[in-house]
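This report looks at the interior of one protein model. Please view the sequence and structure below before reading on.

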Amino acid sequence: RLGMPPDRRPPRALALLLGLTLPLGCDSHLSAMCSATSPDVPGVVTWLFGTYHYHPDATPGTMHVVPPDGSEHLFNFDNWCDGGEVAMRSGFTDYKNSLLSALPSGDEALSCPTKPVPVDGDLGNILTTNHTITCYTEWDSASAPPSGGLGTWVTAIDRADTEQQNCAFDYWVDGTPVKLRTWYYNSFVGFKSGTYQIWTSGYDDKLRSADEYVTMGIGTSTPMYPDPQVYPCSMGVVDGEVNGAPKPILIGTSVADGGKKCKTQPEVDHVIPGSIATCEDVFSGYLCPARCMDGYNQAGELICQDGFWTGGFNCTTDAVCTRPTVDTVDLTTGGDITGVSDCTLLNAAGARCTVHCVNGDRVGTGSIICDDDGTWIEDPEDIPDCNKTVDSVWGPPTITGMEDNANGIGARLYWLAPEDDGVVRSPITEYQFTVEPSGSLVCPTHIGPDPLSYGIICSGLEKGINYTVVVRAMNAAGASPPSNEASYMAPFSPPPAPPSAPP
């Protein structure tokens, strides 16, 4: 099927038959969205983006990801596997089967479970039977939390198959079913569970909704809700806007962290009981999709962490504040917010958030407080000052150990953030590792300011080689000095025991 001739590929051919013009490179790609994570490889999450195109007819270009701290990261979205032509508009089981079981044309090499995590080194494959897969659909705007203009919410599709993804439509106007043919994917190391903004660029300026397709006469659909139907199909950039203004989705994502399971459901007042049905006997890092009853607003997040439910989730009748951004908070001392900490995407009245900010070549920090009316106000005892000092690199991190990985893949390395010397700097955005000798052992870049308590997996090692590893902390000013060196040599497997003598 990957070699199917153009006249059997409906999107562009059908548009031209109908006399419609779709801009070159903007084919309007309906999409499905899933994520996958596993405690076997903690700190790694893979997002998968499904399209009806055959690879390489169209590739999604660049993926923009904004994690809970408000920083933005760009990645090439050029890894792919075959979707097996399940219906584009499907329920959870069909998407899961497409990801785990599709054998396109009997060629196992094109299926998703055969694809390695696309980072330097060997972190295993993107999908195994131990991965938890979550697929998403648009969240009914009548019940979704406020977005504060940060994007449009999506939510997990029910795993009992009581619903289908509500953006894709069923058939082209000639009666041809719309099929999911390709999954594009990216894997990320070092992200934590929480709510992310995601959008694409360099792929499709329109990413039209199903309703728009029907209006154009290209496709037919069963009635959809709510109006307008724009996400996750319209994850992209706004056509015609200067520099392509983003139109993100807001997606709650679980990232397994290798800690202890949460055996029991969380206890939260005013929560819809069915919304926490999946939050029992779950891996550490699981983001519980709890929803508040009518009349209550969601604040905080509900995340399993090493056997306990954390994240400050509650259902409140007060207004909530969405994560502060340069567009929603004006700082009296001037400057722009570059990152946040100690807060989530939805924050209860009284919540305090640390902001990092910049004004020219100077940086600073301070605190803001969520007011009762759902707006941020400056903390009078810690007013953000973006002019405190010229930015500089951080001091060196500290490697605390390196050992065999208990899961059998490579070695696990542990490190600490640079010591706080009292100097104000722009926040750490990532940690980069250097290995000598190069060419085999690789430690993937860790995204974010906080080292993982369970370490990071370095892989690709060869037995008998003595490796040394150093790590540097990166911020807007550059790379820190290198850490202390860690040395590691993969142990040789013991020779098999000789057979015992016969009695």
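The sections below cover the nonpolar cores and then the cavities.

## Nonpolar cores

The model is predicted. Its largest nonpolar core has 50 residues, and the members that touch the most others are Trp183, Met402, Leu413 and Phe433. Apart from neighbours within four places in sequence, Leu413 contacts Ile399, Gly401, Met402, Phe433, Gly455, Ile456, Cys458 and Val469. Two of these partners, Met402 and Phe433, are named with Leu413 among the core members that touch the most others.

A second core, separate from this one, is made up of 20 residues, among them Val45, Phe77, Phe191 and Tyr196.

## Largest cavity

Three cavities of 30 Å³ or more are present in the structure. The largest encloses about 50 Å³. Its lining consists of Ala36, Thr37, Ser38, Val41, Val44, Thr46, Val117, Leu123, Asn125, Ile126 and His131.

At least two lining residues come from strand 1 (31–37), and at least two from strand 2 (44–51). By type, the lining has six nonpolar residues, five polar and no charged.

## Second largest cavity

The second largest cavity holds about 40 Å³ of space. Around it lie Val41, Pro42, Val44, Leu123, Val189, Arg412, Pro444, Gly455, Ile456 and Ile457. Eight of these lining residues are nonpolar, one is polar and one is charged. The charged residue is Arg412 and the polar one is Gly455.

Val41, Val44 and Leu123 appear in the linings of both cavities. Gly455 and Ile456, which line the second largest cavity, are also contacts of Leu413.

Key
Residues numbered from 1 in each chain as written. Predicted model: local features only at pLDDT ≥ 70, side-chain atom pairs only at ≥ 80, totals over all residues. Heavy atoms only, no water. Core = buried A, V, L, I, M, F, W, Y, C linked by side-chain atoms within 4.5 Å. Buried < 20%, exposed > 50% of the residue type's maximum accessible area, 1.4 Å probe, protein only. Contact = heavy atoms within 4.5 Å. 1 Å grid on protein atoms, 1.4 Å probe; cavity = no way out; pocket = protein on both sides within 12 Å on 5 of 7 lines; lining within 4 Å. Points joined across faces, edges and corners; volume = space filled by probe spheres on them. Helix = DSSP H or I, 4+ residues; strand = E, 2+ residues; numbered from the N terminus.
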